[in-house]
Amino acid sequence: MKFSENWLKQWVNYDQSSAAVMEQLTMLGLEVDGVEPAAGEFSGVVVAEIIACEKHPDADKLKVCVVNAGDETLQIVCGAPNARPGLKTALSKIGAVLPGNFKIKKSKLRGVESHGMLCSEVELGISQESDGIIELPVDAPVGENVAVYMNLNDQVIDVDLTPNRADCFCMRGVAREVATLNYLEINSPKIDAVDSSLTERIKVSLAAPAQCPIYGSRIIKGIDNAKITPLWMKECLRRSGIKSIHPVVDVTNYVMLELGQPMHAFDLDKIDGSIIVRMANLNEALQLLDQSEAKLTDEFLVIADENKALAVAGVIGGLDSGVNDQTQDIILESAYFDPATIMGKSRKLGVHTESALRFERGVDWDLQAVALERATALITDICGGEVAPIHVERAEEYIPKQQTIELTVEHLRKVLGFDVQTDKVTQIFNDLGFAANFDGKSWTVKSPSWRFDLAISEDLIEEVVRVVGYDQMPSHRLASTDAIRIIPEQLKQIRFIKNQLADLGYQEVINYSFVGEKQVSDLKLAQDVFALANPLNKEMAVMRTHLLPGVLNNIKSNLARQEHELALFELGKVFSKADDIKQDDVLLLAKTGQQSPEQWSQNNDKVDFFTIKGDVESLLADVPNELGFEVSAQSYLHPGRQACIKSDGQVVGYLGQVHPSICQKMKIKQEVYIAELNIDGIQQVKLPAWQSVSKFPQVRRDLAVIIKDEVTWSEVSAAVRKSLGEEATILYKLCLFDVYNGDNIEKGYKSLAMAMIFQEKNRTLEDKEVDKLVSKAVSFLTEQLNAEIRS
C-alpha cells in the first residue's frame with residue numbers, strides 16, 4: 001500500500017523524523033518497501049494563467065500563449081493540446097531548474113521567442129505520463145510557487161502488508177499503529193450524519209447471505225459529476241497510486257484509502273427494480289469496467305438487479321451500470337463480503353483491483369454506514385445533490401462475531417521471558433482499539449471488528465511485544481567473545497570473486513605455501529625469498545613469493561594427463577622478507593590451450609594475451625575506477641606480451657604470457673597466459689546507482705590517425721579525453737575499431753581508426769558543436785603525439 005506521509009501526519013501529529021517513523025512501521029510488522037519523493041526536485045516554477053492563445057505562424061502543432069505569471073506577462077510557445085485561454089497551469093520561468101538539472105533558458109521555436117515553458121506533470125516529476133500541461137484549479141493563486149501550492153514537499157511510503165493485517169490497508173489503520181507506538185492521539189476526521197431531503201430507498205435482497213451478510217446503500221440525486229475533483233483529493237489518490245477519474249469514483253477511492261471500506265457507485269437510471277446480491281449463473285456474461293467480457297461461474301458473487309448482473313461483488317463493477325461525468329442520480333454501495341468468497345476471483349478474471357485486495361483479506365464489518373456517511377458528505381460538497389436515508393440490509397447470523405480472549409500475567413511473562421508493566425499492557429490493548437478489562441491477574445479482551453487475526457492468547461502477546469519492541473527485549477551475553485564483523489557493501493567478498501571466476505570457466509586450485517628454492521630461482525622470483533628454519537624437504541624449503549610455481553605445477557600435471565584446455569585460479573598468500581616478513585593476498589589466473597572446445601562451426605583459436613585480458617576486464621568490471629593497461633617489464637613474463645594493470649593510477653597487478661624459457665624448463669609445451677592481481681586493489685567495487693537514460697540522439701564521428709608504432713591506444717584515448725576538457729562528459733563513447741599496418745603507411749607507423757560518439761542528456765547536439773570538439777581532439781593529437789590525420 002502506498003500513501004503520503006503528509007496525509008499520515010494529518011492523522012497523527014508526530015515529531016519523529018521520517019526515517020525514524022519508517023523504522024517504527026517496519027518493527028511493528030508493516031514493512032516499508034520503499035520511500036520516494038512525491039515529485040521531482042525543481043525550482044522557479046509558479047502558478048500562471050494563460051490569457052491568450054493563438055496558433056503558431058509556422059508550426060501546426062505549436063501555440064503561442066500570452067501568460068500571466070503574477071509579476072509579469074510572458075510569451076510562451078507551447079505544444080500541449082490542452083493549452084487554452086483561462087487555464088491555470090505551471091510555468092517554469094527563465095532560470096528555473098527542472099528535475100534532471102534541466103535549466104530553462106530563453107529560446108526560439110520556429111522563429112518565435114519563448115520566455116519559459118508550460119509544464120506537464122511528467123516534466124515536474126509528478127507523474128510518469130501526461131496528456132498535456134498541468135491543469136490547476138481556477139482559484140489557484142497566480143504567481144504562487146507550485147511546489148508550495150500543491151504541497152509537494154512530501155514523501156510516498158510503500159508498505160508491504162502481510163495477509164493478516166488487512167486493517168492497515170488504509171490511513172486509519174496505519175495511523176492507529178503509529179499513534180499506539182508513540183502514545184499519541186489520532187486525529188480522525190469528524191463524520192456527521194448527512195441530513196436527508198429524500199425519502200427514497202432501493203430494495204435490497206440478500207439471496208446469498210453467507211457470502212454477503214451486510215449490504216448498505218444510499219440514493220443521491222441531482223449531482224453534477226462534471227465538477228472537478230479538488231486538488232488535495234487528487235493528490236492523495238495520485239500519491240497512493242490511483243488515477244483521478246471523476247468526483248464520484250474519486251470519493252469512493254478516497255474513502256477506501258482513508259477508512260478501509262471499498263465502495264462502488266451505480267447509475268440509478270440503469271438499474272431495473274431492486275438490487276439482488278446473489279451467486280452468478282453458469283456462463284453469465286458481464287462486461288466489466290475495463291471493457292473486457294467476463295464469463296462467470298456459480299462461484300462468483302454478483303450484485304444484480306431484477307434483469308441482469310451489475311457488478312462482480314468485491315472485485316469490479318460492470319460497464320453498463322457504471323457512473324460517468326453525465327450521471328446525475330447514483331446509488332452508493334458499502335458492503336461486507338465474506339473474504340473466502342472474494343479470494344482468488346480477481347485472478348480468475350485477469351484483473352487487479354484495490355477493492356479485491358481488501359475484501360479478500362477482510363474489511364471492518366462495522367464500518368459500512370460510517371463509510372456511506374463520509375462518502376455522501378464529500379460527494380455533496382463537491383457535486384451537490386439531494387440525499388436519501390442510508391439503508392443497511394443485514395443477515396445477523398452470518399456477520400462475524402467479536403472474539404473474547406483471556407491472557408494471564410503469568411502466561412505473558414512465561415512466553416516473553418520478561419515482565420511488562422500491567423498498566424502498559426492495558427494501554428496497548430486500548431490504544432489498538434481492543435476492549436480490554438484487567439482484574440489484577442488477567443486481561444479479558446474483545447477483538448475489534450477490523451481484526452480477523454485475533455483468536456488465542458498468543459495473538460495478544462504478539463501485539464504486546466511488537467508495540468513494546470522486539471529490540472527492547474532483554475538480551476543475555478553469550479559465552480563466546482566472537483564478534484560479527486560488518487562487511488561494507490563496497491567491499492567485494494572473496495566468495496563472490498571465486499563465483500565470478502567459476503562463471504568464467506575457471507577452476508580453483510590450492511597449493512602449499514612452501515616451494516623449492518630451485519623452482520623459485522628458475523622462475524626468476526627469488527628476490528626477498530626467505531627459508532624455513534625446519535623444512536620438511538628440499539621441495540618445501542622456502543616460502544613462496546608468487547603463486548606461479550604452484551599453478552605451473554598444476555598445469556604440468558594436467559597436461560601429462562591429456563588435459564590441454566585449462567583455466568585455473570588460485571587465491572592465497574605470498575611472502576617476502578626485506579626488513580620484516582610481509583604477506584599479501586594475491587589472485588592468480590592461468591589459461592592455456594584453445595579458447596573454446598573443438599567444434600566444426602568455430603575456429604580453433606588458441607588462448608592469447610587478449611583472452612586473459614578480457615577475463616580480467618570482466619572480473620574487474622565493477623571496480624570504482626577506470627582500468628588501464630600499460631607496458632611492463634616483469635622478468636617471468638614474455639617481454640613483448642605483458643602489461644601492468646592499473647586502477648586509479650595504481651598498479652594492482654600484471655598479465656601476460658609466461659616467459660617461454662620458464663615453460664621450457666618446466667617442460668610445458670603450450671603457451672601459458674597468466675594474470676596476477678593484488679586482492680586489496682580489486683576488492684573495492686562501486687555500488688549500482690541509477691542514471692537516467694538520455695532521450696536525445698547520439699552523434700558519431702569516425703577519425704583515423706597515423707601515429708608511431710610505440711604509441712599505445714591508451715595514450716591516444718587519454719589524449720582525446722584530455723583535449724575536450726570539461727566537455728569530455730559529452731563524449732559518451734570512444735572506441736578503437738581498426739588498426740592498420742601496410743600499404744600507404746610508413747614503416748614504424750600505424751593507422752588507428754576510432755569512433756567518437758557524442759550525446760547530451762538534456763538536449764540535442766548540433767553538428768557544428770560536435771565538429772568543433774573533433775577539431776580540438778585532432779589539434780591536440782597533432783601537437784602532443786605528432787599524429788597525422790589519415791584521409
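In this predicted model, three strands form an open sheet in which the order is β1-β11-β2 and the pairing is antiparallel. Its edges are occupied by β1 (2–4) and β2 (31–37), each of which pairs on one side only. Direction ignored, neighbouring strands of this sheet are turned against each other by 25 degrees on average. The pairing of β2 with strand β11 (residues 155–160) runs over six bridges in the antiparallel sense, and within it Gly34 has Asp158 of β11 as its bridge partner. In general, the strands of a sheet are held in register through backbone hydrogen bonds, in either a parallel or an antiparallel arrangement.

A further antiparallel pair is made by strand β25 (residues 435–438) and strand β26 (residues 442–446), which are joined by four bridges. Ala436 stands opposite Val445 of β26 in this pair. The two strands, β25 and β26, form a hairpin with three residues between them, and Gly440, which lies in the turn, has a positive phi of about 100 degrees.

Among the helices, α11 (residues 409–416) and α13 (residues 457–468) have axes that come within 10 Å and cross at roughly 65 degrees, and the crossing in which α11 passes α13 is right-handed. On the side of α11 the contact is made by His411, Leu412, Val415 and Leu416, whereas α13 contributes Ser457, Glu458, Ile461, Val464 and Val465. Sorted by class, the residues of the contact between α11 and α13 comprise six nonpolar, two polar and one charged.

Enclosed space was examined next. A search of the whole structure finds two cavities of 30 Å³ or more. The largest cavity holds about 100 Å³ of space and is lined by 15 residues, of which Ala166, Asp167, Leu259, Gly260 and Asp364 lie nearest its centre. In the lining of the largest cavity, seven residues are nonpolar, three are polar and five are charged. The second largest cavity contains about 30 Å³ of space, and its lining consists of Arg201, Ile202, Ser217, Arg218, Ile219, Ile331, Pro389 and His391. Strand β13 (residues 214–221) provides the largest share of the lining of the second largest cavity, with three residues. By class, that lining has four nonpolar, two polar and two charged residues.

Open space was also considered, and the second largest pocket encloses about 1,500 Å³. Its lining is made up of 41 residues, and those that lie nearest the centre of the pocket are Lys613, Gly628, Phe629, Trp713 and Ser714. Several elements each supply at least two residues of this lining, namely the helices α17 (609–619) and α20 (713–724) together with the strands β32 (627–630), β33 (637–647), β37 (731–740) and β38 (749–758). The largest share of the lining of the second largest pocket comes from β33, which supplies seven residues. When the lining of this pocket is divided by class, 20 residues are nonpolar, nine are polar and 12 are charged.

Key: Residues numbered from 1 in each chain as written. Predicted model: local features only at pLDDT ≥ 70, side-chain atom pairs only at ≥ 80, totals over all residues. Heavy atoms only, no water. 1 Å grid on protein atoms, 1.4 Å probe; cavity = no way out; pocket = protein on both sides within 12 Å on 5 of 7 lines; lining within 4 Å. Points joined across faces, edges and corners; volume = space filled by probe spheres on them. Nonpolar A, V, L, I, M, F, W, Y, C, P; charged D, E, K, R; others polar. Axes fitted to C-alpha atoms, helices over the stretch in contact; angles between N-to-C directions. Left-handed = near helix turned anticlockwise from the far one by under 90°. Contact = heavy atoms within 4.5 Å. Pairing = 2+ DSSP bridges.
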